[in-house]
Amino acid sequence: MTSSYVQSSTGFAPGRALRPKVKVLPEHARGHNRSLVLQTLYRSGTQSRADLARETGLTRVTISDLVAELLAEGLVVELGQRESARPGKPAVLLDINRAAYQIVGLDLSEHATFRGAVLDLDGEILQRADVPLDGATGDEATAKVVDLVDRLVGLATAPILGIGVGSPGVVDLTGTVLTAPNLGWVDEALQQRLHERTQLPVVVANDANVAVLAEHGYGDADGDMMLVTVGHGVGAGLLVAGALVYGSRFAAGEIGQVMVGTDLGLEATYNRDQVLEHWLSVPRLQQRIREAAAAGLDATPILREAGQRLGIALTPVVGALNLSEIVLSGPTELLDGALAEATIHTLRSRTMADFHGNVTLRMTTLGQDIVLRGAAVLVLSGQLGVS
């Protein structure tokens, strides 16, 4: 199945706010105002044309023109007249046609399995599929992604708006995975390959960036935030001023490879055994906890130390950006409790209380499907301008 509405196959641009709220200059007006109407309906639900004009600040003539266009494309539907005791013709209510399209999402972040789903426009999962990685790397790993996409496209029961993919590693704005060591990928043009295979819009992004989009779109995120993903490695996604932060070489949020502490002295050079992932990655934490259990020792100090190291890595980021919220995504049994408590304590004790004392830290509300649902946001933002 293919989508008749294709805005772009490359997703967002750096610095673009995820949710448009105001009108813009005439030369940019048409696309922006179209997204503004769709965003208002997507988040607010049923609205009349007059409601949309009041909410967006656009004229009724502009709203009427845009709504007619969106109705003709099947992106918006009329739901009938609003019940009203006032005299005159009742207003006709509108909404996004939430059954018009479906989205394919992939999560490539787990070390043992590639996971995928077909989702509706509200990010609800309709169908699932997965494929075991079985240690595959390079072209073999790419072939598994292609196979999974083929299966998911076949499971869709409505036209597909697009395909969103959350991949480990450093991913540029063309959807090329510049490096993903665990998968053996270097300059893997995954977005282009999947687009050529399916002829559908495809957006590939770093899995932590995708996860932070999910928290923004479907979670309890409030304002500027950083989402830290803890799994086979450690990464982070940043939202500042309503836009994703990519960095000059697309490696913003790669905190797992940052040396934390001064265990080897202040003159020590980069050492993989002193980076954050050495203390915080799931395999490393699980190994140390097993060793403690075998020795009859309490594992709490291990979790507390990992939390302290995370706090050390996050403190300058919180200080530089004045973030209000840190969200953790990963195994709850490891992250929630002693580890999280040590992290927030370290953050608050190493920053100025007057400016950063109210920073909060919590677990994500979206569980293991956070990357899959973030993949839906990738597509919604890239294709419809909503999130």
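**Strands, helices and the surroundings of Thr 364**

Apart from its neighbours within four places in sequence, Thr 364 is in contact with Glu 215, Val 327, Leu 328, Ser 329 and Ile 370, where contact means heavy atoms within 4.5 Å. The model is a predicted one, in which local features need pLDDT of at least 70 and side-chain atom pairs count only at pLDDT 80 or more, while totals for chains, interfaces and linings use all residues. Residues are numbered from 1 along each chain as its sequence is written, and side-chain values use heavy atoms, with hydrogens and water left out.

Thr 364 sits in the loop between strand 16 (360-363) and helix 13 (370-383); helices (H or I, at least four residues) and strands (E, at least two) are DSSP runs, numbered from the N terminus. Is Thr 364 buried or exposed? With a relative accessibility of 14%, Thr 364 counts as buried, a label for under 20% relative accessible area, with exposed meaning over 50% and partly exposed in between (1.4 Å probe, protein chains only). The side chain of Thr 364 has a polar contact of 2.5 Å with the side chain of Glu 215. Such a contact is a pair of N or O atoms within 3.5 Å; within protein, one must be able to donate a hydrogen and the other to accept it, and residues adjacent in sequence count only if both atoms are side-chain atoms. A polar atom of the Thr 364 side chain also lies 3.1 Å from the backbone nitrogen of Leu 366.

Val 327, Leu 328 and Ser 329, which are among the contacts of Thr 364, bring us to strand 15. Five of the five residues of strand 15 (residues 325-329) are buried, so this strand is largely enclosed by the rest of the structure. Glu 325, Val 327 and Ser 329 point one way from the strand, whereas Ile 326 and Leu 328 point the other way. Strand 15 runs parallel to strand 12 (residues 225-230), to which five bridges join it; two strands pair if DSSP finds at least two bridges between them. Here Met 225 has Glu 325 as its bridge partner. Strand 15 is also parallel to strand 16, through four bridges, and Ile 326 is bridged to Leu 361.

Glu 215 and Ile 370, likewise in contact with Thr 364, lead to a pair of helices. Two packed helices are described by the angle between their axes and the distance between the axes. The axes of helix 6 (residues 207-218) and helix 13 come within 7 Å and cross at roughly 80 degrees. Axes are lines fitted to C-alpha atoms, for helices over the stretch in contact, and angles run from 0 to 180 degrees between N-to-C directions. Helix 6 and helix 13 are therefore roughly perpendicular to each other; this covers 65 to 115 degrees, with under 35 roughly parallel, over 145 roughly antiparallel and the rest oblique. Residues at this contact include Ala 211, Ala 214 and Glu 215 of helix 6, and Ile 370, Gly 374 and Val 377 of helix 13.

Both helices also meet an open sheet. Its five strands have the order 6-5-4-7-11, with mixed pairing. Strand 6 (125-132) and strand 11 (202-206) are the edge strands, each pairing on one side only, and the twist averages 15 degrees from one strand to the next. Strand 7 (residues 160-167) and strand 11 are parallel and share five bridges, with Asn 206 as the bridge partner of Ser 167. Helix 6 lies across strand 7 and strand 11, at about 105 degrees to strand 11. Helix 13 packs on the sheet and touches strand 4 (102-107), strand 5 (113-119), strand 6, strand 7 and strand 11, its direction making about 130 degrees with that of strand 7.

A second helix pair is formed by helix 4 (residues 138-155) and helix 5 (residues 190-198), whose axes are 11 Å apart and pack at an angle of about 40 degrees. That makes helix 4 oblique to helix 5. Residues of helix 4 including Val 145 and Val 149 meet residues of helix 5 including Leu 190 and Leu 194.

Finally, a three-stranded open sheet has the order 1-3-2 and antiparallel pairing. Strand 1 (47-48) and strand 2 (76-81) stand at the edges with a single partner strand each, so one side of each is left without a neighbour in the sheet. Strand 2 pairs with strand 3 (residues 92-96) over five bridges, and Gln 81 has Val 92 as its bridge partner.
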